[in-house]
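Here are my notes on this one, written as numbered points. Have the structure open next to you while you go through them.

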Amino acid sequence: MTLKLGVPSKGRLMEKTFDWFGARGLTLQRTGSDREYAGAVTGIDGVDLVLLSASEIPRELAAGRIHLGVTGSDLVRDTLAAWDDHVTELDLMGFGHADLVIAVPQAWVDVDSVADLDSAAAAFRAEHGFRLRIATKYHRLVREFLKREGVADYQLVDSQGATEGTVKNGTAEAIADITSTGETLRANHLKVLSDGVIHRSQATLFKSRKAGWQPGDRETLTALQDRLGTLV
Amino acid sequence: MNRLPKAEVRAEALRLRARFEAAGATPVDPAVLQPAATLLDLYGEDIRARAYVTADPLRGEQMLRPDFTVPVVQEHMAGGADPARYTYAGVVFRKQENDETRPNEYFQVGLEIFDGADPEGADAEVFAAIADALSGLAVKPATGDIGITRAALAGLSLSDDRRAALMRHLWRPRRFRALIDQFAGRKPTAPHRKALLATMAAGGDPLAGAGTMIGLRSADEIRARLDRIARDADQPPLPAAEVDLLDQVTGMKDMAPAALERLRDIAVDLPPLGPATTRLARRLDALDARGIDVGTLPFEAGFGRTTLEYYDGFVFGFTVPGRPDLPPVATGGRYDALTRLLGRGAAIPAVGGIIRPEIALHLRGGASG
């Protein structure tokens, strides 16, 4: 009889999410101590707040354990195969903007486009005997993009953090990572390919296609959507 | 499609393998777990989307075999490259990222021929053995020949660099088309490339002030590619008439005898196509000698250009008309280059094909679905 709403459990993404709902007359708050991940929604009946790591929200939505969830559109697309079979986008929330991009060393003056990267990868493989390495944690999105673009002779190497440093450290030749201003990339002597934007991500309110809907839930959702459609 | 009981599918697989054995093939049984490095190096990242990768603390990344061809070729090449015929039956594993209804574990029965004495004869032998095993079923054959497109490329007025780039992207039709348009001068030069060429033409060094060199790709490698870019800019555009010939070849789709006739006509303007059409003619003769009705055999030059990229000559498949929900019941082709890649110097012409016994059984009415 209650709708479960999953939101990020900490950081700026949580604060911005609380602000976004607050501006629409719904108060989201953490309850209990600072360290306890419990929360409450006031301003509407029948909605439970579930605080989760942003990276777990796609999986929880796909499993149907939460009805609604706020997370980055990049995480949903990368975590879930055939993501739009599992979730639908209800609202683009207008914050948490970040682009997933392919970046290469600035010194690669011969490489500006994805086609250049492909050509450089062929020569690299012939010279070094292994495929050009691209460090990323967004394996599905990057692989699908490069397949669509017809890029060959590359391999993805997993990097869960400090990805911008992998080229300098010699564990990758290029990277695919999230950037908002590009400053970290520049500081690490990297540049974005001119047509290398894989996905423009932002915080998004998703609805699960897999969650069970009890009597009353649909009415709650309609009431919620009415509220979300109008800024107070 | 409803899945059939595994025991029934296994029995059908063994029955089919016994047929290939009776025709002279040696049964082999490659391991389910294969070293991932070989397959990744061969197929690239695409295979990660399709094969299950697991880790072994001592052996490193392992892959649940996504096909039999690679392990069979490896086993054969490790034991020398003598002529041989192999057959096998077992399950392969494929991740299904977009369609949950497609099985991720299914049987394959295969026949692989390693023999350079009469390649077109071997092509016909594999095709006929599979056609024979499927006789009586409502299936439709399709054939093609990657060698025809390769031969056409050999005949175009292209620099070696440009030809190599096209050969490399034979299996990626979209990038292939983009390259043709670029080489034919049908696409404007990108502003970045223009600026680069202008700098070099003025005697400037694009690498001067390029910033900190980081990573494994060296300044020498960057200069080598700059040289190639400069050389390529001097290339004359690929003449429109040649693009037209190539389009005629790659778009060829007809019954085999008619396709052969037209390819022979095109070979007058594109001489390197000659030997490839001769091979096609010999293959059709060999198929005819094995009782295949070549007069109604479809030929499509582009067939097989979007599959895994080891086929480099004859390719074929058998599909079920009116059932787009079913995968092909059989596929196969020639993979000479694969034996060289996995043979560490040795090579032997090779051709093979697989049947999916579950689909064959399904068509025999093994299930109501």
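1. A bit of vocabulary before we start: two strands count as paired if DSSP finds at least two bridges between them. With that in hand, look at B:Pro35, whose bridge partner in S4(B) is B:Gln62. Keep in mind throughout that this is a predicted model.

2. That bridge belongs to a pairing in chain B. S2(B) and strand S4 (residues 60–64) of chain B run antiparallel and are joined by 3 bridges. Zoom out a little and you'll find an open sheet of 3 strands in chain B, in the order S2-S4-S3, with antiparallel pairing. Which strands stand at the edges? They are strand S2 (33–35) and strand S3 (53–56) of chain B; each has a single partner strand, so one side of each is left without a neighbour in the sheet. From one strand to the next, the twist averages 45 degrees.

3. Now follow chain B to some annotated residues. The UniProt record, an unreviewed entry, has a "binding site" annotation that covers B:Asp67, B:Phe68, B:Thr69, B:Arg94, B:Gln108, B:Glu112, B:Arg305, B:Tyr310 and B:Tyr311. Let's pick out two of them, B:Phe68 and B:Gln108.

4. Where is B:Phe68 found? Look in the loop between S4 and helix H4 (69–78) of chain B. Is B:Phe68 buried or exposed? A residue needs 20 or more C-beta neighbours within 10 Å to be called buried, and B:Phe68 has 24 inside 10 Å, so it counts as buried. Leaving aside residues up to four places away in sequence, B:Phe68 touches B:Pro30, B:Tyr88, B:Val92, B:Gln108 and B:Gly110.

5. B:Gln108 sits in strand S6 (residues 105–114) of chain B. It counts as buried because it has 23 C-beta neighbours inside 10 Å. With residues up to four places away in sequence again set aside, B:Gln108 touches B:Phe68, B:Gly90, B:Val92, B:Ile354 and B:Arg356. So you can walk from one annotated residue straight to the other: B:Phe68 touches B:Gln108.

6. Over to chain A, starting with the overview. Its secondary structure comes to 8 helices and 12 strands, and its C-alpha trace spans about 65 × 35 × 30 Å along the principal axes. Chain A has 232 residues, of which 45% count as buried. If you take the contacts in chain A with a separation of 6 or more, 69% of them are between residues 24 or more positions apart.

7. Strand S1 (residues 3–8) of chain A is a nice one to inspect. Of its 6 residues, 5 are buried, so the strand is largely enclosed by the rest of the structure. S1(A) pairs in the parallel sense with strand S4 (residues 47–52) of chain A over 6 bridges, and there A:Pro8 stands opposite A:Leu52. S1(A) also pairs in the parallel sense with strand S5 (residues 68–72) of chain A, over 2 bridges. In that pairing, A:Leu5 has A:Leu68 as its bridge partner.

8. Last stop, the place where the chains meet. How many residues of chain A are in contact with chain B? There are 30, and they contact 30 residues of chain B. On the chain A side, helix H5 (114–128), helix H6 (139–149) and strand S9 (154–158) are the elements that give two or more residues. H5(A) provides the largest share, 6 residues. Sorted by class, this side of chain A has 14 nonpolar, 8 polar and 8 charged residues.

Note on methods. Residues numbered from 1 in each chain as written. Chains lettered and ligands numbered in written order. Predicted model: local features only at pLDDT ≥ 70, side-chain atom pairs only at ≥ 80, totals over all residues. Contact = placed C-beta atoms within 7 Å. Helix = DSSP H or I, 4+ residues; strand = E, 2+ residues; numbered from the N terminus. Nonpolar A, V, L, I, M, F, W, Y, C, P; charged D, E, K, R; others polar. Axes fitted to C-alpha atoms, helices over the stretch in contact; angles between N-to-C directions. Buried ≥ 20, exposed ≤ 12 C-beta atoms within 10 Å, placed from the backbone. UniProt positions renumbered as here; feature names shortened; annotations may be inferred.
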